[in-house]
2 protein chains.
Amino acid sequence: MIRPRTPPGVLELLPREQIAFQRMLDVIRRNYERFGFLPVETPVFELSEVLLTKSGGETERQVYFVQSTGALANAASGASAGLPELALRFDLTVPLARYVAEHEHELSFPFRRYQMQRVYRGERAQRGRFREFYQCDIDVIGKDTLSIRYDAEVVAVIHAVFAELGIGAFRVQLNNRKLMRGFFESLGVADPQQQALVLREVDKLDKRGAEYVRQTLTGPDFNLPAEAVARILAFVEVRSGSHADALAKIDQVLAEAGGAGGQALREGAEELRQVLELVRAMGVPESAYCLNFSIARGLDYYTGTVYETQLVDHPEIGSICSGGRYEDLASHYTKSKLPGVGISIGLTRLFWQLREAGLIEGIAESSVQAMVALMDEAQLADVLDIARRLRAGGINAEVQMEARKLGRQFQYAARAGIRFVVLAGEDELARGVVAVKDLLREQQFEVPRDELADTLRVELEQARALAGR
Amino acid sequence: MIRPRTPPGVLELLPREQIAFQRMLDVIRRNYERFGFLPVETPVFELSEVLLTKSGGETERQVYFVQSTGALANAASGASAGLPELALRFDLTVPLARYVAEHEHELSFPFRRYQMQRVYRGERAQRGRFREFYQCDIDVIGKDTLSIRYDAEVVAVIHAVFAELGIGAFRVQLNNRKLMRGFFESLGVADPQQQALVLREVDKLDKRGAEYVRQTLTGPDFNLPAEAVARILAFVEVRSGSHADALAKIDQVLAEAGGAGGQALREGAEELRQVLELVRAMGVPESAYCLNFSIARGLDYYTGTVYETQLVDHPEIGSICSGGRYEDLASHYTKSKLPGVGISIGLTRLFWQLREAGLIEGIAESSVQAMVALMDEAQLADVLDIARRLRAGGINAEVQMEARKLGRQFQYAARAGIRFVVLAGEDELARGVVAVKDLLREQQFEVPRDELADTLRVELEQARALAGR
């Protein structure tokens, strides 16, 4: 006998949890499709040679390699050297790059795709860290160029998704890498590597405090003037309130830099300004976006707009949706220049965090909307017919296939989270009606047998409307 | 520069193909849910020790093993021996067994689950063989016992799924392993292994012809009497026409066996009869099911009802949905007895076959229902507002973010399979209307700006109703 168990680092759900998770996936998909993004799915494994183009040591250490039994035997006998042929995807960006480069001549640009699949990382096992998790991504890929307007549309998508998910007030935080670069240049920190090192120190603000960071940056490792450090610390603390305040904050950076920021600063400021104006024109409420000049994200990857999204009342959860603008998606695979902008929602981790924080229950009402009870074997044919009509009327219905004590049937429905129990006893059938017990409202009513599906559909639609879904 | 390509043996789709595939997945899921099945997803990898309990050499040779970079290094240095710790699932049945055994005390029985995920087999690469493919499974699992009635419900589910998929006339073919066993016993072939060998010869009927099989079975390897062989060949050719004919065919087997078939034959006949009667009671039309006594399927696994499903006009495609009743799901993981019944649709292969046979186009209309054109930069704000209202009205809408030649915008929409192009030029906006070009019906009309979403929704619903969806 083998003890049944999953490997560590995966999140496996019970059915009612899975339904709750699935509803979140459905909301995300619906909103991605609503904005015109097209579905793409890629294989779980890629050729290692294709997947591991970037010589990122950190990345490689976290990769899962895949070998068939035959390949494993060859490796053991020394017949093959080097890395295994296949590896599991560790994100959806590299597969997207490969996909767009491979199918470049069959796609229309700007190419807008969504992809919602699991990715794999050989993380150290620890609480809240997953080796398998869902990513829900959108990207818009241009050929040669891509309008800044898509950077704004992405914010509108984030807003639509999280408004419908209904997990509380949230705010998309915007920054721009060019603006940051220009700002550092205006202080004389022109080398990108040096900028990265400074930002790494600035990132320690929360943990070590301003005084520690100030001393490091003015100390022997960096040798920055005290005035420059003061301006850096002020810069990364910028958060905007209203839309007008955001525009003012951008002007202020420009004004303070004088002419010293050069082209990058002016371009970044102009991009940010356009994105803000378009986000508003797209109907996103002011409360749902702001500037946050501390956001840098993947320093060598993003080149323009960058996003993070926070729950207003739960900043400790960190960013629930991040991304940005990049210069060239697929330079390893094609000579075409493919700029893009995109975001990712790590839904497995988000679901886990929301549940841990008590922000979602983590279990849903059943996907089964009605259970047809069987009280007496003599009524089996009627019960089957009632269920058939419910399904034809668009109701998800389950039949109790064996007559057992009614109490146990109710217990089963309640435990399963099924809202309606349909009872068709001898008496009801003789009168052409069925009895319905609504376990949510705790009330019982009778309805003509022919009107059952319509009645339940109306009830369910009312509940949906009330829940704002 | 690395050539972007997928590994062999996977089916990667372009967006409009992916939309067609996704619609099939959605139909299957909707019907599974309609019958009260609950969603389950399991991790792509399982512990090898847990996954490979059955000592099936053939199975093991097709397994893909998974190793992180660290584990790979250990293996290379000889620090670890034996199989890698993780392996990709090769079906959804073993993960289901592990899941049910692991969560036994948190599930309600009969436990009805659906699972639609990809599985992995290290198949030899050849046309139409996939190393990664979707399986769409349902199973009902009982604790200790499970009513035969679920065997009938499974047929009703198959019927609902394939009726809505709309890929042509189909027929669920039924048999029963007990009936087969009893039949062979009545001929003196009582040993299960011997029965399996006989069936393997019978399977060659199509290829080698009746005479070859007759000679083998009466020859030195089997030594069966000519009369027994004649009855075997007649038995496996039984197909029923109508419902009444199916019942008559069962009676005939019983009559011909006299008392010789024993309990297994009587039980099998009784089960088949009940399943047929219930399938009819569930409203499945007679044309959609029949008996086929040649169907055996997984000889050591299934113990009662077995199913295969064929397209009536394309039997060469083989079974498009198969399964059956089994005695004990999870005997490797738990002492509880867990009988079950289930089916599987191998959707990747089915999609590929249907497309090859020209039975589906394999590409769908876009999931994007309307494209809002941009004719002049001055109208950007209006265009964004029109798109926002379309989305709020439930229409999937894409905006052309940059003004380019109208011809190119139409070309883009046509190529992408988008039905409606919305035009809001200076003239239309001044009159409070928008122009809509319907690329499907090739007609153009004007509609008040405020009524756009409602109008398109009605058009789309009409199209859906006409298509019978």
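In this predicted model, A:Arg121 sits in the loop that links β5 (111-120) to β6 (132-141) of chain A. With a relative accessibility of 23%, A:Arg121 counts as partly exposed. Beyond residues up to four places away in sequence, A:Arg121 touches A:Gln62, A:Tyr64, A:Phe90, A:Asp91, A:Phe130, A:Arg131, A:Phe133 and A:Gln135. One of these neighbours, A:Phe90, places its backbone oxygen 2.9 Å from a polar atom of the A:Arg121 side chain. According to the unreviewed UniProt entry, the annotation "binding site" covers A:Arg121 together with A:Asp91, A:Leu92, A:Thr93, A:Gln135, A:Asp139, A:Arg297, A:Tyr301 and A:Tyr302. Another residue under that annotation, A:Tyr301, is found in the loop between β8 (289-291) and β9 (302-311) of chain A. A:Tyr301 is partly exposed, because its relative accessibility is 22%.

It helps to turn next to how the two chains are arranged. A turn of 180° and a shift of 0.0 Å along the axis lay chain B on chain A with an RMSD of 0.0 Å. The two copies are therefore related as by a two-fold rotation axis. Within chain B, the C-alpha nearest this axis belongs to B:Val66, at 2.3 Å from it. Both copies use the same surface, in that 99% of the contact residues of chain B recur in chain A. B:Ser367 offers a view of residues from both chains: leaving aside neighbours within four places in sequence, B:Ser367 is in contact with A:Glu33, A:Phe37, A:Leu38 and A:Pro39, and also with B:Ile19, B:Arg23 and B:Asn396. This serine is located in the loop between α14 (347-356) and β12 (370-372) of chain B, and at 7% relative accessibility B:Ser367 counts as buried.

The interior can be followed through its nonpolar cores. The largest of them has 131 residues, and those with the most contacts inside it are A:Leu390, B:Tyr32, B:Phe162, B:Ile345 and B:Leu347. Helix α6 (residues 149-165) of chain B provides the largest share of this core, 11 residues. Around B:Leu347, neighbours within four places in sequence aside, the contacts are B:Phe21, B:Met24, B:Leu25, B:Ile28, B:Tyr134 and B:Cys136. A second, separate core has 130 residues, among them A:Ile167, A:Val341, A:Met371 and B:Leu38.

Two helix residues give a closer look at buried positions. In chain B, helix α8 (residues 192-202) holds B:Val202, which is buried with a relative accessible area of 7%. Apart from neighbours within four places in sequence, B:Val202 is in contact with B:Val213, B:Leu217, B:Ile232 and B:Val236. The C-alpha of B:Val202 is separated by 22 Å from that of B:Arg171, 31 residues apart along the chain. In chain A, helix α7 (residues 177-186) contains A:Ser186, and this serine counts as buried at 15% relative accessibility. A polar atom of the A:Ser186 side chain lies 2.6 Å from the backbone oxygen of A:Phe183. With neighbours within four places in sequence set aside, A:Ser186 is in contact with A:Arg231, A:Ala257, A:Ala260 and A:Gly261.

The cysteines tell a simple story. Over all chains, the structure holds zero disulfides. For A:Cys290, the nearest cysteine sulfur is that of A:Cys321, 14 Å away; A:Cys290 counts as buried at 5% relative accessibility. For B:Cys290, the nearest cysteine sulfur is that of B:Cys321, 14 Å away, and B:Cys290 counts as buried at 4% relative accessibility.

Some backbone details complete the description. A cis peptide bond joins A:Phe109 to A:Pro110, with omega about -5°, and A:Pro110 is in the loop between α5 (93-102) and β5 of chain A. In chain B, B:Phe109 and B:Pro110 are likewise joined by a cis peptide bond, with omega about -5°; B:Pro110 lies in the loop between α5 (93-102) and β5 (111-120). Positive phi values in residues other than glycine include that of A:Asn223, near 60°. A:Asn223 has its place in the loop between α10 (210-218) and α11 (226-235) of chain A, and counts as exposed at 59% relative accessibility. B:Asp144 has a positive phi near 70° and is found in the loop between β6 (132-141) and α6 of chain B.

Note on methods: Residues are numbered from 1 along each chain as its sequence is written. Chains are lettered from A and ligands numbered from 1 in the order in which they are written. This is a predicted model: local features need pLDDT of at least 70, side-chain atom pairs count only at pLDDT 80 or more; totals for chains, interfaces and linings use all residues. Side-chain values use heavy atoms; hydrogens and water are left out. A nonpolar core is a set of buried Ala, Val, Leu, Ile, Met, Phe, Trp, Tyr and Cys residues joined through side-chain atoms within 4.5 Å. Buried means under 20% relative accessible area, exposed over 50%, partly exposed in between (1.4 Å probe, protein chains only). Helices (H or I, at least four residues) and strands (E, at least two) are DSSP runs, numbered from the N terminus. Contact means heavy atoms within 4.5 Å. UniProt positions are given in the numbering used here, feature names are shortened, and annotations may be inferred rather than shown by experiment. A polar contact is a pair of N or O atoms within 3.5 Å; within protein, one must be able to donate a hydrogen and the other to accept it, and residues adjacent in sequence count only if both atoms are side-chain atoms. Copies are superposed by least squares on the C-alpha atoms of residues with pLDDT of at least 70 in both. A disulfide is a pair of cysteine sulfur atoms within 2.5 Å.
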